[in-house]
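Me: I'd like to understand the labels used for this model, one at a time. Could you take me through the reasoning behind them?

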Amino acid sequence: MSQIRQPGSGLVSPDQFQRLPRAVVVIANDYPDRHVISRHSHRRAQLLYPSSGVMTVRTQYGTWVVPPLRAVWVPTGTDHEVATLGRVSMRSVNVAPRAAAKLPKQCCVVSVSALLRELIMRATTFPRLYDERGTQGRVVKLILDEISALPVLPLHLPMPAHPRLAGICNAIMREPGSRASLDDWARRINASSRTLERLFQRETGMTFTAWRQQARLHAALSRLAAGEPVKRLALELGYASPAAFTGMFRRAFGTTPKQYFSAN
């Protein structure tokens, strides 16, 4: 792809390609550890794929954590913020609204197949005005077909709008290993545990226990990707033993942490 770069940044800006007369534009960018792309939106939908490293994507509706071999789908016009954990090589598939009409309408994390990974890497070499009727056009159509067939993974952490509940959720995200119970939180904000449970269900669609487990799962994924050992991680995240943590991880993903990070 012809590299249009932001002055002084060395990064290719997706905004340069928003009105390009092609259904898909694939962009390659490399980001340092702890880099934050502030909240923004695009006319094109995006599949954000970290070919290495881990990133989190935040919107008003929640947070998605994206480890290796996964990607996050961001629909057209969705305000989002991206933060990296470790050095991230990001490949973004930017899809024009007409081509994204049958693709997901909400943010989600998907598992990237080996085929899609190779197609994306191939498409990063295409010129901006690639030949839509030739091999390059067929590669792009395959990318769209693969995106539509990708399995959605349970990596969404919904965020509530209710101020007091949001405060609790932010505190749990800061200290996911805290053993504070629903009753403990209810006493801290001077509310009944029954009221708090109803709020969790109404605002997030999850129970308090399920939401906290998902928050712990988010924290675990980024730290596992950084190479932290399961034993230390399990104890710091509030699990009784590494076996208990591995059991939770297997229930969520159908595999062990080690297998998860080595699987296609």
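Reply: Happy to; below we go through salt bridges, exposure and the nonpolar cores of this predicted model.

Me: Why is the pairing of D33 and R34 called a salt bridge?
Reply: The side chains of D33 and R34 come to 3.6 Å, N to O. A salt bridge needs that nitrogen within 4 Å of the carboxyl oxygen, so the pair D33 and R34 qualifies.

Me: What makes R34 exposed?
Reply: R34 has 61% relative accessibility, and exposed means over 50%. D33 has 41%, so D33 counts as partly exposed.

Me: How do you know that R58 and E81 form a salt bridge?
Reply: Their side chains meet at 3.4 Å, N to O, and the cut-off is 4 Å, so the label fits R58 and E81.

Me: Why is that pair said to tie parts together?
Reply: R58 lies in strand 3 and E81 in strand 6, so the bridge links parts that are 23 residues apart in sequence.

Me: Why are R58 and E81 called partly exposed?
Reply: R58 has 29% relative accessibility and E81 has 23%. Buried would need under 20% and exposed over 50%, so R58 and E81 fall in between.

Me: What makes D184 and R187 a salt bridge?
Reply: Their closest N and O atoms are 2.5 Å apart, and the limit is 4 Å, so D184 and R187 pass. Both sit in helix 4 (residues 182–188), three residues apart, which means about one helical turn separates them. R187 is exposed at 60%, whereas D184 is partly exposed at 25%.

Me: Which residues are joined into one network by salt bridges that share partners?
Reply: R223, E228, R232 and E236 are. A search of the whole structure finds nine salt bridges.

Me: What makes L48 a member of the largest nonpolar core?
Reply: Membership asks for a buried residue of a listed type, Leu among them, joined through side-chain atoms within 4.5 Å. L48 belongs to this core of 32 residues, and is one of those that touch the most other members, along with V72, L155, F245 and F249. Helix 6 gives the largest share, five residues.

Me: How do you know that F245 is in contact with L224?
Reply: Contact means heavy atoms within 4.5 Å, and L224 is among the contacts of F245 found beyond four places in sequence; others include A220, L233 and P257.

Me: Which residues does the second core include?
Reply: That separate core has 27 residues, including A100, L103, V112 and F126.

Notes:
Residues are numbered from 1 along each chain as its sequence is written. This is a predicted model: local features need pLDDT of at least 70, side-chain atom pairs count only at pLDDT 80 or more; totals for chains, interfaces and linings use all residues. Side-chain values use heavy atoms; hydrogens and water are left out. Buried means under 20% relative accessible area, exposed over 50%, partly exposed in between (1.4 Å probe, protein chains only). Helices (H or I, at least four residues) and strands (E, at least two) are DSSP runs, numbered from the N terminus.
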